[in-house]
Structure formats: C-alpha cells, structure tokens
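Colleague: I am new to this structure and should like to understand the terms used for it. May I ask about them one at a time?

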Amino acid sequence: MIDFELTDEQRLVRETAAEFVDREVIPVARDNDRNERFDEGLVRKLAEMGFLGAIVPEEYGGRGIDYRTYCLIVEEIGRGDSSIRTVVSVQTSLVCTPILRWGDEDQKRRWLPQLCSGEILGCFGLTEPDTGSDAANLRTRATRIDGGWRINGRKQWISNGTRAKVALIFAQTDPELKHRGIAAFLVPTDTPGFSASAVHGKLGLRASDTAELSLDGVEVGDEALLGEVGDGFKIAMSALDSGRLSVASGCVGICQGCLDASVSYSKERIQFDRPIASFQLVQEMIADMTLDTEAARMLCWRAAWLKDMSRPSTTETSIAKLYATEAAVRCANLAIQVHGGSGYVDDYPVERYLRDARVTTLYEGTSQIQKLIIGRAATGVNAMT
Ligand code: COS
C-alpha cells in the first residue's frame, strides 16, 4: 500500500520547523549571506529545537525520528537558507550517521550527545585537492605507530571545517589495497598538526563555513579508528547515502521557496494593467516550478521510506539527489525570470536561491556521478572502472 498521508506527529514537526524557519532563519538570511557570516547563534537555536542529529536515537542525545520526518525538517530549513541547512546535513547525515552505524559504544557515547546538542560541530573529511569524484583514490595517508596512527594529508571543500571540534577523516593505510585500504578516523581538531583555513569568494552558501584542512603528522590513538581498517570507503559511501538525501530535501525547500515567492510576486506585480499571474507564459513558469517541486519531494520521500524500512536505497537516493538538485537550479532560474529585474538583487530571496542551489549539483557527488550510479544500477555495467 502506498500512503502519502503524513502522520499527526510528522505534520506537527513540519509545522514547528516551518514556524521556526519563518521566525528565526528567513529574517537573517540576507544579512548573513551579504556578510559571509556563519551564524553561531542560529546554530544554537537549531540545536535547541533538536534539529541537529534528529535521526539519532534518544539514548545518544538525538530525537529518534525517522528519515521521512527528517526530510520534512530539512526541506523547511532549505526553504529558509541553504547555508544553515548545510550545517544540519553535515552534522546529522555525514558525521552522526556514520558514528551511529560504525562506532563502538565508547565512540557513540563520547561524540553523539555533544553533536546532537550542538555543543560541538563536526565535519566530514573525504574530498582532497586531487580527489573529488574518484573518492577511493585518496592521497591522505595513515601509518601505524605504537598505540595508534599518524595521519598526513590535505582535505578540500570541507563544510564546517574551521568550526568543527571533531573531523571524520578518511585516509589510505595501504595504497595497494585501493578502496579496501581506506580507514576512517574521528580526529579531535585540537590535535597537534591539524589546521583549517577558510575558503572565501564562493558563488553561494556564503554564510556557511567551507575550509581546507591540513593534517601534518597528526597522531591519534586506536580509539579514533571508526570501524575496522578497510571499512573507510563503505563508511564514506553509506554516510553519503544519508547526506545525499539531506541535500535533496534541502533542494525541495529551495524549489518550494522559489514557487512561493513567484506566486506571491506574480499576483502583486501589475503589467499591461493586469497582475502578471494572469499571463499564460508566467503561469507556465509557475506550473513548471510546481511540477519540479512535487516530483522532487516525492522522490525524496520514497528514498526516505526505503531507509526507514532498512531496504537498499543507494540508487533511489541518487535519483532523488540528481532530480532535486537540478530542479532547484531550474526553479531558481525561473523564479528570477518571474521576478524580472527585482529578482536580480537581494530584495527577494530568489537570486540567493540560485547561487545557493548551484553547489548542490556538485557537492556530495556531482550530477554526473549520480547518473553513473543510476546507469550502473540500470545496466549492471560499471562505467567508472
Ligand atoms: N554503501 C555501502 N557500501 C558501498 C556503497 C554504499 N552506498 N557504495 C559502494 N559501496 C561499496 C561497494 O559494495 C564495494 O564494496 P566491495 O569492496 O566489498 O566490493 C566498494 O564500496 C566499492 O564500491 P564501488 O565499486 O561502487 O566504488 P567506485 O570506486 O566504483 O566508486 C563512486 C563509486 C564513483 C560512486 C564513488 O566513488 C562516489 O560516490 N564518488 C563521489 C564522491 C562524492 O560524493 N564526493 C563528495 C564528498 S562530500 S562533498
């Protein structure tokens, strides 16, 4: 049976998230964007609402909600501001999820409550200056030392990078083993040899923290190893299964925000003595945005439902991520078109939607990578090797 009805609890969570976003996120989004301001106060408020690590069970400090409800929250935050949505996605999907799934009891008790309460932020260190789509080909090296590991390397485009107190770092232990030699480490960022520098001049997500990380002889004990040596690639891929759905849901929020802004503007804006909403070519743009918003949302809900049922969802997540991120770019472009000159300045949110949407077809796996994952599932042929 397919049930599109939200439960009473899901409706309540969605309304609460929408009210929070209208009250706390939207009023500060433009200034944070203009000033490239990472809004720590807003992060604290998100944490107080229980929006960080919400899918983590209550015994580890989360709210124990399911993926469908998580998607509703992330969609609302994405409607408000993708910079702050990125904090939620990284903290929850890319940091908490792998600790929950692969961590031992000590690691879960040490890190999850602090991450869920927002006491600390975490970051996900997979991408490197020379390693993007080909994620198995890491240059960062981890070498065995007495009682632990020494890590050397660099990581690039790391969200939350300068703010994080713990970094999930993926490193190669034995290049001959290729992806089966990769290990994941929970590295406290105050460990000697660890440093982070902020990246500036971004097209969008200006209120988010993006960094380059340097690991110069960073030494960690055995307790930092997440899972077993050789699990690292699977840890990264399974984290991205959650992260990509989170990005996709945030993009549904962008689509919805574009639609809402365009409907409202088109009914107010008078041209040729009529509201522009009465013109068929404007309605066509609004219909296209409606279609993209609804389709993206349904694809996210399906992927979330599969996760809630503990069924395989990698392909469906890639489908949702591909569709929703491309849809967000299309919708933002159309929303600017509906707004005309007014859409080109930041009096309205639509130009920020376009700038912020643009990265979503790049990060957490480009649209091309999602297509190759989908194509491989459809044909059984791996086009990447
Ligand atoms: N969950 C768990 N395990 C997974 C998995 C998943 N979603 N996807 C793949 N694996 C496992 C495979 O089962 C395989 O396991 P075995 O060693 O037991 O055979 C192993 O990982 C290797 O998988 P695969 O053959 O698919 O690896 P490829 O090197 O072909 O790479 C792509 C796959 C390209 C899909 C991967 O490198 C990728 O997603 N790249 C994009 C990276 C990315 O998103 N970067 C952004 C980082 S955040 S900004």
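Colleague: In what does the ligand sit?

Modeller: The model is a predicted one, in which local features need pLDDT of at least 70, side-chain atom pairs count only at pLDDT 80 or more, and totals for chains, interfaces and linings use all residues. Residues are numbered from 1 along each chain as its sequence is written, and side-chain values use heavy atoms, with hydrogens and water left out. The ligand sits in the largest pocket. To sit there, more than half of its atoms must lie within 2 Å of the grid points.

Colleague: Which residues are the closest to the ligand?

Modeller: They are Ser133, His179, Asp241, Arg244 and Arg376, among 22 residues that surround the ligand. A residue is near if one of its heavy atoms lies within 4 Å.

Colleague: What makes the pair formed by Lys234 and the ligand a polar contact?

Modeller: A polar side-chain atom of Lys234 is 2.9 Å from a ligand oxygen atom. A polar contact is a pair of N or O atoms within 3.5 Å, so this pair qualifies. For Asp241, the partner is a nitrogen atom of the ligand, at 2.9 Å.

Colleague: How many residues of the shell around the ligand are charged?

Modeller: The shell has 6 charged residues, alongside 8 nonpolar and 8 polar. Asp, Glu, Lys and Arg count as charged.

Colleague: Which element gives the largest share of the shell?

Modeller: That is α6, with 7 residues; a helix is a DSSP run (H or I) of at least four residues.

Key
A polar contact is a pair of N or O atoms within 3.5 Å; within protein, one must be able to donate a hydrogen and the other to accept it, and residues adjacent in sequence count only if both atoms are side-chain atoms. On a 1 Å grid over the protein atoms alone, a cavity is a set of points where a 1.4 Å probe fits but cannot get out, and a pocket is an open set with protein on both sides within 12 Å along at least five of seven lines; lining residues have an atom within 4 Å of a point. Helices (H or I, at least four residues) and strands (E, at least two) are DSSP runs, numbered from the N terminus.
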